[in-house]
Amino acid sequence: IEPKLKRETIVEIEPLVPKVVSRYFREYNFDVVNQPKVHVQVDDGRHFLLTTKETFDGITSDPFDPWVKGTAALYTKEFFELAKRHLNPGGIITQFVQLYESNEEAVKSEIATFFEAFPNGIVWANTVQGQGYDVVLMGQVDPTPIDIDKMEQRLKLPEYNVVARSLSDIGVYSAVNLLSTFAGRAPDLKEWLKDASINRDRNLRLQYLAGLSLNTYKADDIYKNMIVYNRFPEGVFTGSDSQIALLRASILRPSDQ
């Protein structure tokens with residue numbers, strides 16, 4: 001658990017999930033369900049946001065595959081705008097997008113729709129052995145530069161030992177390692193997304209687009225086509241010259257330098 005965290009709300013639609021994860025996965029999720037700062041709300045995530053007056057510093061959405069019945073409603077422009085209204089000043093939202101068992105048209109739809117609500121959004125990639133697998137989208141109410149030095153200093157504090165160890169378990173050993181997963185931002189991806197379908201409540205077309213690629217694996221092809229447009233994002237990161245230079249080298253492919 002983040003040491004500075006005051007309260008966390010987990011919204012889960014299936015009542016059995018909190019019981020199962022607390023019993024079988026506590027070693028891996030830090031027994032999050034039983035943490036005193038955590039409140040588990042059994043509800044549909046979208047219904048929760050529609051009926052609560054709470055606002056948050058961070059919202060993360062990790063739905064089922066978009067072809068699963070009902071899930072496409074968590075990838076619409078209207079849902080992202082709803083989430084945005086529940087963010088505090090400086091707040092951040094993250095959204096999981098799978099590249100595996102999907103197709104480029106569906107992925108473009110998910111990303112372009114998110115960028116409709118967050119025009120300065122950023123894509124962070126999760127690769128497996130250097131190949132594309134899935135990505136996380138990040139949107140901010142007020143775009144705020146990411147301070148590399150501050151992040152690195154925080155990871156070295158004793159109270160962040162658990163966070164640092166969790167990151168090291170997945171091969172992330174520094175702030176630069178983490179931030180080098182940068183894979184693009186909205187302004188630079190406009191050309192790639194120019195033909196994308198925006199997923200709206202009134203059509204939910206994403207559910208059908210995603211369903212066309214069930215049991216297909218084109219994740220790396222999608223990833224490679226996306227990062228063609230990747231550029232080092234001037235103004236997104238701040239920090240010492242040495243850290244900025246190291247991050248720039250980590251993000252840019254050799255042909256771009």
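# Briefing on a predicted structure

Asp220 is found in helix H10, which covers residues 219-227. The model described here is a predicted one, and each value below is computed from it. The briefing turns from Asp220 to the aromatic pairs, then to a pocket, to two residues with positive phi, and to several single positions with their contacts.

**Asp220 and its surroundings**

- With a relative accessible area of 12%, Asp220 falls under the 20% limit and therefore counts as buried.
- When residues up to four places away in sequence are not counted, Asp220 touches Gly130, Gln131 and Gly132.

**Aromatic pairs around Phe237**

- A pair of aromatic rings is described by the distance of the centres and the angle of the planes.
- Ten aromatic pairs are found when the whole structure is searched.
- In one of them, the ring centres of Trp124 and Phe237 are 6.3 Å apart and the planes stand at 70°, so this pair is edge-to-face.
- Because Trp124 belongs to strand E5 (residues 122-128) and Phe237 to strand E9 (residues 237-238), the pair ties together parts that are 113 residues apart in sequence.
- Both partners are buried: Trp124 has a relative accessibility of 11%, and Phe237 has a relative accessible area of 8%.
- Phe237 also pairs with Phe182, with ring centres 6.1 Å apart and planes at 75°, so that this pair too is edge-to-face.
- This second pair links distant parts of the chain, since Phe182 lies in strand E8 (residues 182-185) and Phe237 in strand E9, 55 residues apart.
- Phe182 is itself buried, and its relative accessible area is 3%.

**The phenylalanine cluster**

- A cluster made up of Phe79, Phe80, Phe114, Phe115 and Phe118 is joined by ring pairs.
- Over the ring of Phe118 sits the charged end of Lys84, at 5.3 Å from the ring centre.

**The second largest pocket**

- Rolling a probe the size of a water molecule over the atoms shows where empty space is left.
- The second largest pocket holds about 180 Å³ of space.
- Its lining consists of Ala112, Phe115, Glu116, Pro119, Ala186, Pro187, Lys190, Leu193 and Ile198.
- Sorted by character, the lining of this pocket has seven nonpolar residues, no polar ones and two charged ones.
- Phe115 appears in the lining of this pocket, and Phe115 is also one of the members of the phenylalanine cluster.

**Residues with positive phi**

- Most residues other than glycine have a negative phi, and most peptide bonds are trans.
- Glu101, although not a glycine, has a positive phi of about 45°.
- Glu101 is placed in the loop between strand E4 (87-98) and helix H5 (104-117), and with a relative accessible area of 14% Glu101 is buried.
- Leu204, again a residue other than glycine, has a positive phi near 50°.
- The loop between E8 and helix H9 (206-211) is where Leu204 lies, and at 25% relative accessibility Leu204 counts as partly exposed.

**Thr76 and its contacts**

- Thr76 sits in the loop between strand E3 (56-61) and helix H4 (77-85), and its relative accessible area of 0% makes Thr76 a buried residue.
- Apart from neighbours within four places in sequence, Thr76 is in contact with Arg46, Thr113, Asn199, Arg200, Asp201 and Leu204.
- Along the chain, Thr76 and Ala117 are 41 residues apart, while their C-alpha atoms are separated by 9.6 Å.

**Ile93 and its contacts**

- Ile93 is part of strand E4, and Ile93 is buried, with a relative accessible area of 0%.
- Leaving aside neighbours within four places in sequence, the contacts of Ile93 are Ile59, Ala83, Leu87, Phe114, Phe118, Leu137, Met138 and Gly139.
- From C-alpha to C-alpha, Ile93 and Phe182 are 16 Å apart in space, and in sequence they are 89 residues apart.

**Asp147 and its contacts**

- Asp147 is located in strand E7 (residues 146-147), and at 30% relative accessibility Asp147 counts as partly exposed.
- Not counting residues up to four places away in sequence, Asp147 touches Thr238 and Gly239.
- The C-alpha atoms of Asp147 and Pro158 are 20 Å apart in space, with their positions eleven residues apart in sequence counted as the separation.

Technical notes. Residues are numbered from 1 along each chain as its sequence is written. This is a predicted model: local features need pLDDT of at least 70, side-chain atom pairs count only at pLDDT 80 or more; totals for chains, interfaces and linings use all residues. Side-chain values use heavy atoms; hydrogens and water are left out. Rings of Phe, Tyr and Trp (its six-membered ring) pair if their centres lie within 6.5 Å; planes under 30 degrees apart count as stacked, over 60 as edge-to-face and the rest as tilted. Helices (H or I, at least four residues) and strands (E, at least two) are DSSP runs, numbered from the N terminus. Buried means under 20% relative accessible area, exposed over 50%, partly exposed in between (1.4 Å probe, protein chains only). A charge sits over a ring if NZ of Lys or CZ of Arg is within 6 Å of the ring centre and within 35 degrees of the ring normal. On a 1 Å grid over the protein atoms alone, a cavity is a set of points where a 1.4 Å probe fits but cannot get out, and a pocket is an open set with protein on both sides within 12 Å along at least five of seven lines; lining residues have an atom within 4 Å of a point. Grid points are joined across faces, edges and corners, and a volume is the space filled by probe spheres set on the points. Ala, Val, Leu, Ile, Met, Phe, Trp, Tyr, Cys and Pro count as nonpolar, Asp, Glu, Lys and Arg as charged, and the others, Gly among them, as polar. Contact means heavy atoms within 4.5 Å.
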